[in-house]
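User: I am learning how descriptive words are tied to values in a structure. Could you take me through some examples step by step?

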Amino acid sequence: MHARRSGQPGAHGRGTPGAAATSDVLVIGGGIIGLVTAWRAALRGLSVTVVDPEPGGGAARVAAGMLAAVTELHYGEEALLALNLESARRYPGFAAELTEATGLGLGYRRCGTLAVALDADDRAHLRALHALQLRSGLESEWLTGRECRRLEPMLAPGVRGGLRVDGDHQIDPRRLATALVLACERAGVVFHRAWAARLDMAGERAVGVTGEDGTVLHAPQVVLAGGSTSGRLTGVPEDVLPPVRPVKGQVLRLTVPPRHAPFLSRTVRAVVRGGHVYLVPRENGELVVGATTEEQGWDTTVTAGGVYELLRDAHELVPGITELPLTETGAGLRPGSPDNAPLLGPSGLDGLLLATGHHRNGVLLTPVTGDVMADLLTGAEPPEAARPFTPARFAATTATAPAAAVSTPLEHSA
Ligand SMILES: Cc1cc2nc3c(=O)[nH]c(=O)nc-3n(C[C@H](O)[C@H](O)[C@H](O)COP(=O)(O)OP(=O)(O)OC[C@H]3O[C@@H](n4cnc5c(N)ncnc54)[C@H](O)[C@@H]3O)c2cc1C
């Protein structure tokens, strides 16, 4: 293990181009997944460098921050459910530790979620989801339309029923990312603010990266946590490139003026015309409305169609939103994988580990990912729930990150 450095942020940014700087671990990507990996590894005594031109950026700048293990349950994703629940269980302790390390609030609200149906088809869909939740041993209560409106009076009068899930919470992903950057700095993580241009190899082993600024950063263990671009890093052998693709999501932010508060007291979501729409009320008055699901390559344009559909569906659910100021629109890229689950662990190339593919659950999965990656980096045994998510499950698949965008109709989800 190398001696811990002083950890001045950006120290490598002033380094001599071409000179190799070493640490125990080099993390490529400073989104929430790379940051939590770096923080947790540094707390275990490893020296860590993160390479990213803008640490704390990425999909977390857009994400809604629902911690929705139960309401995001999908058929065939039972293994992912176990990992999601494991992370949800770790959230209270994780959030308290992060706040203690930084003095920063995270907007962590244990407010619960109400998933409602607006017509008979939606109600049948929700009934099926409820049955699946109960079969999976999850806590979820069926409510009549009237009971839903008693909980959330701003709901449309036409609501036909819903599921009350008190265990699905929320956090503000922007505040989470900001806190993780500070926690990393305080734990001695070094930030190199540049793009990693290529992976460096020595024989059959990954040994680090060369930055676009010419700086060489070396480490015995390299973690690729580049979000939706993880499958594109030059120098990574073809059969090791993670099969991760960008899944675009558009999101709106509205503000609830004090005279309208409390507008909603918990996250409210619904399936409208087959698409998911959700409204996430933050403690600071922000109301996040999301999100589209689009296979559009790396495009992050906010479109009139996306904004229109989100407002139309959200208005059907909560008509009063038309009174609220629309303060922001945005689009981000979920790192999607073929089975919608993350890739955590050895890549198949010595010296290179993967922490990517978190798709629509990256915020929820942040605590468990940090712990799993720190376990792997220190030779400890990761938790049982992480076992199914080794990248080896895709070993026979060649990388499928799309070179060209494939356009599909808009759908909505987290
Ligand atoms: C609209 C939307 C809504 C969402 N809602 C939710 C939600 O409610 N709940 C939930 O749990 N999750 C949600 N998510 C998903 C979650 O935001 C993501 O899964 C998570 O943020 C992914 O984090 P990441 O660090 O893996 O990737 P990213 O956030 O994409 O970060 C990757 C980082 O790597 C850096 N990078 C990439 N390549 C290189 C390179 N070559 N060199 C240096 N740096 C590099 C980038 O600059 C970036 O900072 C949502 C996502 C979107 C888009």
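**From values to words**

Analyst: Let us begin with the ligand, bearing in mind that this is a predicted model. An oxygen atom of the ligand is placed 3.2 Å from a polar backbone atom of Gly362.

User: What makes the approach of the ligand oxygen to Gly362 a polar contact?

Analyst: The cut-off for a pair of N or O atoms is 3.5 Å, and the ligand oxygen is 3.2 Å from the polar backbone atom of Gly362, so the pair counts as a polar contact. By the cut-off of 3.5 Å, a ligand oxygen that is 2.8 Å from a polar backbone atom of Ala59 also qualifies, and so does a ligand nitrogen that is 3.4 Å from a polar backbone atom of Val51.

User: How much of the ligand does the protein bury?

Analyst: Taken alone, the ligand exposes 1,000 Å², and the protein buries 94% of that area.

User: Which residues and elements surround the ligand?

Analyst: There are 40 residues around the ligand, and those that come nearest are Asp52, Ala59, Ala196, His359 and Leu364. Helix 1 (32–43), strand 14 (245–255) and strand 19 (326–336) are the elements that give two or more residues to this shell, with strand 19 giving the most, namely four. Sorted by character, the shell holds 23 nonpolar, 14 polar and three charged residues.

User: Why is Thr113 called buried?

Analyst: Buried means a relative accessible area under 20%, and Thr113 has 3%, so the word applies to Thr113. This residue lies in strand 5 (residues 113–117), and its contacts, not counting residues up to four places away in sequence, include Thr71, Leu163, Val165 and Arg266.

User: How do you know that Thr113 makes a polar contact with Asp168?

Analyst: The side chain of Thr113 reaches the backbone oxygen of Asp168 at 3.1 Å, and since the cut-off is 3.5 Å, this distance falls within it. Thr113 also has a partner that is distant in sequence, for Thr267 is 154 residues apart along the chain, yet the two C-alpha atoms are separated by 4.6 Å.

User: What makes strand 20 and strand 21 a pair?

Analyst: Pairing requires at least two bridges, and strand 20 (residues 343–346) and strand 21 (residues 352–356) have four, in the antiparallel sense, so they are called paired. Within this arrangement Gly345 stands opposite Leu354 in strand 21. The hairpin has five residues between the strands, and in this hairpin Gly348 takes a positive phi near 105 degrees.

Technical notes:
Residues numbered from 1 in each chain as written. Predicted model: local features only at pLDDT ≥ 70, side-chain atom pairs only at ≥ 80, totals over all residues. Heavy atoms only, no water. Near = heavy atom within 4 Å. Polar contact = N/O pair within 3.5 Å; in protein donor to acceptor, adjacent residues only side chain to side chain. Areas by Shrake-Rupley, 256 points an atom, 1.4 Å probe, with all protein chains shown as cover. Nonpolar A, V, L, I, M, F, W, Y, C, P; charged D, E, K, R; others polar. Buried < 20%, exposed > 50% of the residue type's maximum accessible area, 1.4 Å probe, protein only. Contact = heavy atoms within 4.5 Å.
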